[in-house]
Amino acid sequence: LGIGFGLFKFISWMHGSKQYLFFISGHRGRLSILARQLQLMLNHLTSRRVYLDVDEMGDLDSVFFVVRTDVHVLLVLFSHQVLRKFWCVGELVSAVKNGVA
């Protein structure tokens, strides 16, 4: 049963109606280059869109809305600053409260 549910979840991620397969969240700084490389790699490997939070930081309400409604998986690049930045915490809370993996 668990394997079947996992397979169902994977197929829904690959063919689901949500616009972004992954949303990459992290503090700007040392991890910025890693985040961009990860975005490019995932775009290439999955042929699905990957959202990088630093690309749209002008309107946090829109960013949180995307996380709530249009993302399958939230990837958080943790550093010592992540939980000190309100936008990173907001993205994480939006994902958890709305069942984003």
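**Exercise 1. Work out which residues line the largest cavity, and what classes they fall into.**

Start with the list itself: the largest cavity is lined by Gly26, His27, Arg28, Leu31, Ser32, Ala35, Leu52, Asp53, Val54 and Leu77. Keep in mind that this is a predicted model.

Next, sort that lining by class. You should get 5 nonpolar, 3 polar and 2 charged residues.

Now for the volume. The largest cavity holds about 50 Å³ of space. If you scan the whole structure with a threshold of 30 Å³ or more, 1 cavity turns up. As for the idea behind such a scan, rolling a probe the size of a water molecule over the atoms shows where empty space is left.

**Exercise 2. Lay out the fold from the N terminus on, and say what share of the residues is buried.**

Count the elements to begin with: the protein has 4 helices and 3 strands.

Then put them in order. Reading from the N terminus, you get α-β-α-β-α-β-α.

Last, the burial figure: of the 101 residues in the protein, 38% are buried.

**Exercise 3. Is Cys88 buried or exposed, and how far is its C-alpha from that of His27?**

Find the residue: Cys88 sits in helix α4.

Check its accessibility. Cys88 has a relative accessibility of 2%, so it counts as buried, given that the cut-off for buried is under 20%.

Then take the distance. Cys88 and His27 are 61 residues apart in sequence, yet their C-alpha atoms are 7.1 Å apart in space. His27, as it happens, is one of the residues lining the largest cavity.

**Exercise 4. Place Phe78 and describe the surface patch it belongs to.**

Locate it: Phe78 is in the loop between β3 (71-77) and α4 (86-97).

Look at the accessibility. Phe78 comes in at 52%, and therefore counts as exposed, as exposed means over 50%.

Now bring in its partners. Phe78, Leu83, Val89 and Val93 make up a nonpolar patch on the surface. Together they offer about 370 Å² of accessible area.

**Exercise 5. Take the segment after α4 and contrast the accessibility of Val100 and Ala101.**

Both residues belong to that segment: Val100 is in it, and so is Ala101.

Go through the values one by one. Val100 has a relative accessible area of 11%, so Val100 is buried. Ala101 reaches 42% relative accessibility, so Ala101 counts as partly exposed.

Finish with what each one faces across the chain. Val100 is 30 residues along the chain from Asp70, with 9.3 Å between the C-alpha atoms. Ala101 and Val71 are also 30 residues apart along the chain, and their C-alpha atoms are separated by 8.7 Å.

**Exercise 6. Find where Asp55 lies and classify its accessibility.**

Position comes first: Asp55 is in the loop between β2 (49-52) and α3 (60-70).

Then the class. With a relative accessible area of 38%, Asp55 is partly exposed.

To round off, use Arg36 as a reference point: Asp55 and Arg36 are 19 residues apart in sequence and 9.9 Å apart in space, C-alpha to C-alpha.

Terms used
Residues are numbered from 1 along each chain as its sequence is written. This is a predicted model: local features need pLDDT of at least 70, side-chain atom pairs count only at pLDDT 80 or more; totals for chains, interfaces and linings use all residues. Side-chain values use heavy atoms; hydrogens and water are left out. Patches are made of residues with over 30% relative accessible area and no salt bridge: like charges are joined within 9 Å, nonpolar side chains (Val, Leu, Ile, Met, Phe, Trp, Tyr) within 5 Å. Accessible areas come from the Shrake-Rupley method with a 1.4 Å probe; for residues, only the protein chains shown count as cover. A salt bridge is a side-chain nitrogen of Lys or Arg within 4 Å of a carboxyl oxygen of Asp or Glu. Helices (H or I, at least four residues) and strands (E, at least two) are DSSP runs, numbered from the N terminus. Buried means under 20% relative accessible area, exposed over 50%, partly exposed in between (1.4 Å probe, protein chains only). On a 1 Å grid over the protein atoms alone, a cavity is a set of points where a 1.4 Å probe fits but cannot get out, and a pocket is an open set with protein on both sides within 12 Å along at least five of seven lines; lining residues have an atom within 4 Å of a point. Grid points are joined across faces, edges and corners, and a volume is the space filled by probe spheres set on the points. Ala, Val, Leu, Ile, Met, Phe, Trp, Tyr, Cys and Pro count as nonpolar, Asp, Glu, Lys and Arg as charged, and the others, Gly among them, as polar.
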